[in-house]
Amino acid sequence: MDTTKKKRALRRSTIEALVFLVILFTVSAVLANKMGGANLVKTIMNTAHDLLLNTVFYLMGITVLTGAMSKLMSEFGVVKLLERILRPLMKPLYNLPGVSALGAVMTFLSDNPAIIALSKDKTFSSFFKKYQLISLTNFGTAFGMGFVVIVTMIGYGHLAGALIGLFGAFCGSIISTRIMQRSCLKSYPELDSPVLEEISEDEPEEIAEEGKKKDSIFMRALNALLDGGKNGVDLGLQIIPGVLIITTFVLLITFSAGDGGYNGSAYQGVPILPWLAEKIHWVFEWLFGFNDMELIAFPMTALGSVGASLGLIPAFNSAGIIDGNAIAVFTAIGMCWSGFLSTHTAMLDSLGYRKVISKALGAHAVAGLCAGVIAHFLFLLISLI
């Protein structure tokens, strides 16, 4: 029996290796046939190098500044104030306890996994029923890296577009959370039960414990800025693989040679993605207002990493295809999806609910598309006023 299992495992691994090699060879052959083998390798290296110097370090500068600001806001009670202001909205909009507003604020200022740290806190989770706690993965992800995304978009001179996109992401978060809750209760009615013994929501002491502030205001501010900046550096380092690997590949199948032909320069490639998008161009034009099919690369990349998708913006900006509508749609989809394909599975697995992973992914995919559509039509409406 063991021998049979070993043979099956060996056969399976051999097939996987062969399939991988066939796919790798096919993709490489298609690109090399169009660009030239040497130019393909040079373009990959030059694109990754340019992304590292001109995009990653720019994004890291933003994450350091936003990290410092978010820590400062937390140190002086702004986060707690925002949580209390937003708390009354949680039940009618999301069917979640008021304390879940803290999760939205924390993920907005940091990244998706911040919601898991809260979910595992017994005091925090005691406010929830099981299906509500599970839906926090969708709720928190819809705000992941929101501060970084918005500041980046504003940096390109589109404040109105970024704010419209924020509203679109907000709508997407409601859609995702509600669909997730509904599908969980429909398939697993037993999840409609408390996680733990409920306690009063008026005093979530362990969640917002203030402690004794012994240091002076100056030292507290200085320490908060430095600690937050360090967290920003960590976040900046974490996005490097996504930007260099995912963005390089996406750019390679998005842009063409340009006027000078293929010469190994950065940001050259074979426009496979726009070619595919052109086949159903009317869908993207109507839903998102994309006039250039190269823009579809942003939402495709945001599925795996919003940091990587932000790495596409400089190239789009240089190509002159960015406008206020694109920024609005990018902000909405980038915030709402924020790389959920690469985090949702691990987040739900850490909570012990693998069985609802497919439902979470489906709900969030629909919500991200809705967020982009809402941002597009809201931008059109405001433009007409």
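Is F108 buried, partly exposed or exposed? I looked this up at the start: F108 is partly exposed, because its relative accessibility is 21%, and the limit for buried is under 20%. The model I am reading is a predicted one.

**Entry 1: aromatic pairs**

I counted the ring pairs next and found 14 aromatic pairs in the structure. I opened the one between Y94 and F170, which is edge-to-face, with 6.3 Å from centre to centre and 80 degrees between the planes. This pair joins distant parts of the chain: Y94 sits in helix α3 (residues 78-94) and F170 in helix α9 (residues 159-187), 76 residues apart. I checked the cover on each partner. Y94 is buried, because its relative accessibility is 1%. F170 is partly exposed, at a relative accessible area of 29%.

I then went to the pair of F108 and F147. The ring centres are 5.9 Å apart and the planes lie at 20 degrees, so I noted the pair as stacked. This pair also links distant parts of the chain, with F108 in helix α4 (residues 101-109), F147 in helix α8 (residues 146-154), and the two positions 39 residues apart.

I also traced a cluster linked by ring pairs, and wrote down its members as F255, F284, F288, F290, F298, F316 and F330.

A charge over a ring was the last item here. K355 lies over the face of Y188, and I noted 4.6 Å from the ring centre.

**Entry 2: nonpolar cores**

Which residues of the largest nonpolar core touch the most other members? I found M153, F290, F316 and F330, in a core of 87 residues. Helix α17 (residues 324-337) supplies the largest share of this core, with ten residues.

I listed the contacts of F290, leaving out residues up to four places away in sequence: F284, E285, L295, I296, P299, A326, V329 and F330. A second core, separate from the largest one, has five residues, among them L31, L40, L252 and V270.

**Entry 3: the second largest pocket**

I took the volume of the second largest pocket as about 350 Å³. Its lining has 14 residues, and L86, A104, V105, F108 and F143 lie nearest the centre. Two or more lining residues come from each of α3, α4 and α9. Helix α3 gives the most to this lining, with six residues. I met F108 here again, near the pocket centre as well as in the stacked pair with F147.

**Entry 4: H364 and helix α7**

I located H364 in helix α19 (residues 357-384). H364 is buried, because its relative accessibility is 0%. What does H364 touch, not counting residues up to four places away in sequence? I listed N138, T141, A142, S176, C336, W337, F340 and H344.

I followed N138 and T141 back to helix α7, as both are among its buried residues. Helix α7 (residues 130-141) is mostly covered, with eleven of its twelve residues buried. I wrote out the buried ones: Y131, Q132, L133, I134, S135, L136, T137, N138, F139, G140 and T141.

**Entry 5: positive phi**

Most residues other than glycine have a negative phi, so I looked for exceptions. N95 is one of them, with phi near 55 degrees. I placed N95 in the loop between α3 and α4. N95 is buried, because its relative accessible area is 15%.

Y267 also has a positive phi, near 65 degrees. I found Y267 in the loop between α11 (240-252) and α12 (272-279). Is Y267 buried or partly exposed? Y267 counts as partly exposed, because its relative accessibility is 23%.

**Entry 6: M300**

I ended with M300, which belongs to helix α14 (residues 297-302). M300 is partly exposed, because its relative accessibility is 46%, and exposed would need over 50%. I also read the separation between the C-alpha atoms of M300 and L273 as 9.7 Å, for two residues that are 27 places apart along the chain.

Methods:
Residues numbered from 1 in each chain as written. Predicted model: local features only at pLDDT ≥ 70, side-chain atom pairs only at ≥ 80, totals over all residues. Heavy atoms only, no water. Phe/Tyr/Trp six-rings, centres within 6.5 Å; stacked < 30°, edge-to-face > 60°. Helix = DSSP H or I, 4+ residues; strand = E, 2+ residues; numbered from the N terminus. Buried < 20%, exposed > 50% of the residue type's maximum accessible area, 1.4 Å probe, protein only. Lys NZ or Arg CZ within 6 Å of the ring centre and 35° of its normal. Core = buried A, V, L, I, M, F, W, Y, C linked by side-chain atoms within 4.5 Å. Contact = heavy atoms within 4.5 Å. 1 Å grid on protein atoms, 1.4 Å probe; cavity = no way out; pocket = protein on both sides within 12 Å on 5 of 7 lines; lining within 4 Å. Points joined across faces, edges and corners; volume = space filled by probe spheres on them.
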